[in-house]
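Biologist: Hi, I'm new to this one. Can you pull it up and walk me through it?
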Amino acid sequence: MSRRSKKAAPAPGAARPTVTVCRGCCCGTPKVPHLDHEAQLADLRTSLAGVTMVRRTDCLDACERANVIVIQPSAEGRQAGGRPVWLGQVNDPDAATDITTWVKNGGPGLADPPAILDLYTFTPSRRVRHELDG
């Protein structure tokens, strides 16, 4: 991940990143054991309430990396060079805290993610990226 200069977090009410949580054929199922999937989603929604939209989607077609979460930049973040960040194997209950911290600070393009999220970051196929953005 590139290290951008720190900018102030967007003002309250400013556009924020979107958090997309996969809960399809593999993500959010017993195929990924030892994680309370609904609690992870509820934690993200609760922690980010009033800050950004957390949406649940069926399948992001990156099943080999279940559980997958995508952080899409706000309009301001995209203008600053931010692009969607794909996080795979987000199977640690504490990961939601790291994601929440980053999103509250502005997310892609506006704030560097906590270093621990580098362990989860991956690049999906071009087809899969296009389907989410399109």
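Biologist: Is Gln 89 buried, partly exposed or exposed?
Modeller: Gln 89 counts as partly exposed, at 44% relative accessibility. Buried means under 20% relative accessible area, exposed means over 50%, and partly exposed is in between, using a 1.4 Å probe and protein chains only. Keep in mind that this is a predicted model, where local features need pLDDT of at least 70, side-chain atom pairs count only at pLDDT 80 or more, and totals for chains, interfaces and linings use all residues. Residues are numbered from 1 along each chain as its sequence is written, and side-chain values use heavy atoms, with hydrogens and water left out.

Biologist: Where does Gln 89 lie?
Modeller: Gln 89 is in the loop between strand E4 (85-87) and helix H3 (95-104). Helices (H or I, at least four residues) and strands (E, at least two) are DSSP runs, numbered from the N terminus. Gln 89 also has a positive phi of about 55 degrees, although it is not a glycine.

Biologist: Which residue in the loop between E2 and E3 has a positive phi?
Modeller: Asp 61, in the loop between E2 and E3, has a phi near 60 degrees. Asp 61 is partly exposed, with a relative accessible area of 36%. For background, most residues other than glycine have a negative phi, and most peptide bonds are trans.

Biologist: And which peptide bond is cis?
Modeller: The one from Ala 66 to Asn 67, with omega near 0 degrees. Asn 67 lies in the loop between strand E2 (54-57) and strand E3 (69-72).

Biologist: Switching topic, how many salt bridges are there?
Modeller: A search of the whole structure finds one. A salt bridge here is a side-chain nitrogen of Lys or Arg within 4 Å of a carboxyl oxygen of Asp or Glu. The partners are Glu 38 and Arg 56, with their closest N and O atoms 3.0 Å apart.

Biologist: What does that pair tie together?
Modeller: Glu 38 lies in helix H1 (residues 37-47) and Arg 56 in strand E2, so the pair ties together parts that are 18 residues apart in sequence. Glu 38 is partly exposed at 42% relative accessibility, and Arg 56 is partly exposed with a relative accessible area of 42%.

Biologist: Back to H3, which of its residues are buried?
Modeller: Ala 95, Ala 96, Ile 99, Thr 100, Trp 102 and Val 103. They cover an arc of only 165 degrees around the axis (taken from the directions from the helix axis to the C-beta atoms), which puts them on the same side of H3.

Biologist: What do they pack against?
Modeller: Strand E1 (18-22), H1, E3 and E4, where contact means heavy atoms within 4.5 Å.
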